[in-house]
Amino acid sequence: MINIDITVVIQLVNFLIALVIVNWLLVRPIREVLLRRKHIVDDLNAYTAFSENRSRELLDNYESELAKVRADAAAERKSLYLRAEAEGQEVVKQANGKAQESLQQCQNEVRKEADEASASLRAELKTYAEAAVAKILG
């Protein structure tokens, strides 16, 4: 049978003292370490979330700026193309003008030479006609 005497009380007190000492020496420091580790992990998680958000913002800004630059480059390319096209048409127009002018000069020279030849032949026509009539009548 179980005897309840002073040794049970002493054992109970001994157990309680051991529990307080173990709590003070082991459990409390371990809890503090675990709590510090939890704070560190929470801080790192918060920093990671902040870094992810910041990198998303930076990437979005980069992509929007890149889209703007591409649009500006496309507009500049189109502008340069249109300007080059206009300049090319102007060069062709000037070349056509010069060609027309040169053609007109050539035509004028040919007319002038034809008129001179015609005038010269008309002047000599009377002489040739008289010579021909003289040979025929003889």
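The accessible surface of the protein chain adds up to about 12,900 Å², and carbon and sulfur atoms account for 63% of that area. The model behind these values is a predicted one. None of the chain is tucked away: 0% of its 138 residues count as buried.

The overall outline fits on a short list. The protein chain has 1 helix and 0 strands. Along the principal axes, its C-alpha trace spans about 190 × 25 × 15 Å. The radius of gyration comes out at 57 Å, whereas a compact globule of 138 residues would have one near 14 Å. The helix in question, H1, covers residues 6-137.

Next come the charges. There are 19 positive and 21 negative side chains in the protein chain, and the centres of these two sets sit 3 Å apart. Side chains of opposite charge can pair when their charged atoms come close. A search through the whole structure turns up 4 salt bridges, and three of the pairings can be walked through here, starting with the one between arginine 56 and glutamate 52.

In that pair, the side chains meet at 3.9 Å, N to O. Both residues belong to helix H1 and are 4 residues apart, or about one turn of the helix. Arginine 56 is partly exposed, its relative accessible area being 48%, and glutamate 52 is partly exposed too, at 41%.

Arginine 54 has a salt bridge of its own, with glutamate 57, and the closest N and O atoms there are 3.6 Å apart. Because arginine 54 and glutamate 57 are 3 residues apart in helix H1, about one helical turn separates them. With a relative accessible area of 39%, arginine 54 counts as partly exposed; glutamate 57, at 43%, is partly exposed as well.

Further along, lysine 68 and glutamate 65 join their side chains in a salt bridge of 3.6 Å, N to O. These two also lie in helix H1, 3 residues apart, which is about one turn of the helix. Lysine 68 is partly exposed with a relative accessible area of 49%, and glutamate 65 is partly exposed at 43%.

Not every charge is dealt with by pairing. On the surface, Glu109, Glu113, Asp115 and Glu116 gather into a patch of negative charge. One of them, aspartate 115, has its place in helix H1. Aspartate 115 reaches 54% relative accessibility, so this residue counts as exposed, the cut-off for that label being over 50%.

Notes: Residues numbered from 1 in each chain as written. Predicted model: local features only at pLDDT ≥ 70, side-chain atom pairs only at ≥ 80, totals over all residues. Heavy atoms only, no water. Rg over C-alpha atoms; globule rule 2.2 N^0.38 Å. Buried < 20%, exposed > 50% of the residue type's maximum accessible area, 1.4 Å probe, protein only. Areas by Shrake-Rupley, 256 points an atom, 1.4 Å probe, with all protein chains shown as cover. Lys, Arg positive; Asp, Glu negative; His and termini not counted. Charge placed at Lys NZ, Arg CZ, Asp CG, Glu CD. Patch = residues over 30% accessible without salt bridge, like charges linked within 9 Å, V, L, I, M, F, W, Y side chains within 5 Å.
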